[in-house]
Amino acid sequence: MSPPEIHRLVAVGVGMRPGTAATAILTAVRHAVGDETPACLATIDRRGDEPGLREAAAELGIPVCVFTAAELDAVTIPTPAARTKAAVGAAGVAEAAAILAAGGGTLLRAKEIHGDVTVAVARRSG
């Protein structure tokens, strides 16, 4: 786990299937950042209004940041996936969303898959 002092300086990118429960999202986020609270949860715009994601963010007391497929696809990520590109129009959601939400910051944790949830963590720039 990363040192606690960095977590308010990180963004967590989240990829998920439609209908994913808040508990599953929170479990994946907690695995990535422990008991600390990230600055935001970030994802593709088509998942931004998912009830589970909104509930998870509300429980953490943080906003949800969303990006278009084109914005996500413009980010260079370490683990692009052709399957994700075919499904949503971007080679990755969690890693790219984390980097964008972190203002172009550094990816600290590459994507980790926890059931129907994928998370990645990026340190905010500046």
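**Close-ups of a predicted model**

**View 1. Half in, half out: the whole protein.** Of the 126 residues in the protein, 50% count as buried. Keep in mind that this is a predicted model. A compact globule of 126 residues would have a radius of gyration near 14 Å, and the protein agrees with that, coming in at 13 Å. Along the principal axes, its C-alpha atoms fill a box of roughly 35 × 30 × 20 Å.

**View 2. How the chain is laid out.** You'll find 5 helices and 5 strands here. Starting at the N terminus, they go β-α-β-α-β-α-α-α-β-β. If you take contacts between residues at least 6 apart in sequence, 59% of them join residues at least 24 apart.

**View 3. The outside.** The accessible surface adds up to about 6,000 Å², and 52% of that belongs to carbon and sulfur atoms. As for charge, there are 12 positive and 13 negative side chains, with the centres of the two sets 4 Å apart.

**View 4. Helix 2 and its two faces.** Helix 2 covers residues 51-60, and its buried residues are G52, L53, A56, A57 and L60. These sit on the same side of helix 2, because they cover an arc of only 130° around the axis. That fits the usual geometry: an α-helix has 3.6 residues a turn, so residues three or four places apart point the same way. On the face turned away from the buried side of helix 2 are the exposed residues P51, A58 and E59.

**View 5. What helix 2 leans on, and what follows.** The buried residues of helix 2 pack against strand 1 (10-16), helix 1 (22-33), strand 2 (40-44) and strand 3 (64-67). Just after helix 2 comes G61, with a positive phi of about 75°.

Definitions and conventions: Residues numbered from 1 in each chain as written. Predicted model: local features only at pLDDT ≥ 70, side-chain atom pairs only at ≥ 80, totals over all residues. Heavy atoms only, no water. Helix = DSSP H or I, 4+ residues; strand = E, 2+ residues; numbered from the N terminus. Rg over C-alpha atoms; globule rule 2.2 N^0.38 Å. Buried < 20%, exposed > 50% of the residue type's maximum accessible area, 1.4 Å probe, protein only. Contact = heavy atoms within 4.5 Å. Areas by Shrake-Rupley, 256 points an atom, 1.4 Å probe, with all protein chains shown as cover. Lys, Arg positive; Asp, Glu negative; His and termini not counted. Charge placed at Lys NZ, Arg CZ, Asp CG, Glu CD. Arc of directions from axis to C-beta.
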